[in-house]
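User: I am a first-year student. Please walk me through this structure and show me the reasoning at each step.

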Amino acid sequence: MSADWKLTVGGMRADVLVWQVDLDRLAAARPTAPLLAADERERAGRFATERLRTRFTAARAALRDGLGQILGVPPDALRFSAGPHGKPRLVPTPSIPAVEFNVAHSEGLAIFACSVSGPVGVDVERVWPIADLGHVAHLYFSASEQAALMASAPHARLAAFYRCWTRKEAFVKASGVGLRFPLDRFDVTFGADEPPTLTLHDAPLAAAAWRLEALPVARGYEAAIACRSTAAVISTADLVQAA
Ligand SMILES: CC(C)(COP(=O)(O)OP(=O)(O)OC[C@H]1O[C@@H](n2cnc3c(N)ncnc32)[C@H](O)[C@@H]1OP(=O)(O)O)[C@@H](O)C(=O)NCCC(=O)NCCS
């Protein structure tokens, strides 16, 4: 893959393309199951409720639809495998390059990112009240993140918590390790007016290669993206219409 290769769709050129989909609207707008492979339909069938089944199916269809448009191939031509910690990846073929991608969903909202600038991770969370923020932060945040969270104004603390959480999860998903990554061994910044940055306790120089961004999403959600390229042009595209 050439270093200056860009993703091009609808006249847009970018290193990382992000799209988001309201899963319930997409499922109501058109049949989504036909786009899925047999193993995905089998997985959908294992969900306990119709709602979870429908949302999973819509998310897979939206992933295939978006990647298919970006790569110029039919959505059902895409094959997936998994990395050592379960991160899904594309099986490349002569007509399908090995681009990186990642998926996140929370309730009815799904976010997708496709990258030609190295590993990418996304996270989205529905913002729910949390009774004991300090306790949850103690379980999942680094010491300096816990201190920064508890120093934030009480009325702004829940939003700060979700900014921190989504940035951390986007990074561990980009790394491919997921939540088994030691969450107390790195810091993200999450102040309301602070640019998102990453500090890796055990590899301070490596952190400079990473870029973290908040992603604009519907009210009531918080989302973030991490990619291993500081110069990457990250664009949002309306790839999968759910109306
Ligand atoms: C991946 C993981 C971060 C998901 O977190 P989550 O908040 O429940 O879900 P999200 O919506 O953010 O992401 C789910 C998507 O992440 C992707 N994913 C799965 N494993 C991944 C990994 N190791 N790295 C990055 N992305 C991964 C999948 O596309 C998944 O979507 P799908 O279930 O529709 O296939 C978490 O399950 C994890 O860390 N798994 C790998 C490590 C592991 O085995 N952990 C056991 C429990 S701690």
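What follows is a short exchange about the domains and the ligand.

Analyst: One point before we start: this is a predicted model.

User: What makes up domain 1 and domain 2?

Analyst: The domain assignment gives domain 1 residues 7-118 + 231-236. Domain 2 covers 125-227. Their C-alpha centres lie 24 Å apart.

User: How do you know that residues of domain 1 are in contact with residues of domain 2?

Analyst: Contact requires C-beta atoms within 7 Å. By that test, 18 residues of domain 1 are in contact with 17 residues of domain 2. On the side of domain 1 that touches domain 2, strand 3 (16-22), strand 6 (100-106) and strand 7 (109-115) each give two or more residues. Strand 7 has the largest share there, with 4 residues.

User: How do the residues on that side of domain 1 divide?

Analyst: They divide into 7 nonpolar, 9 polar and 2 charged.

User: What makes a residue part of the shell around the ligand?

Analyst: Its C-beta atom must lie within 6 Å of the ligand. In this model 17 residues surround the ligand. The closest are Gly86, Lys87, Lys173, Gly178 and Leu179. Strand 6, strand 8 (120-126) and helix 6 (157-175) each give two or more residues to the shell. Strand 6 gives the most, 4 residues. The shell divides into 5 nonpolar, 7 polar and 5 charged residues.

User: Why is the ligand said to lie between domain 1 and domain 2?

Analyst: Domain 1 and domain 2 both give residues to the shell around the ligand, so the ligand lies between them.

Note on methods:
Residues numbered from 1 in each chain as written. Predicted model: local features only at pLDDT ≥ 70, side-chain atom pairs only at ≥ 80, totals over all residues. Domains from an automatic or database assignment. Contact = placed C-beta atoms within 7 Å. Nonpolar A, V, L, I, M, F, W, Y, C, P; charged D, E, K, R; others polar.
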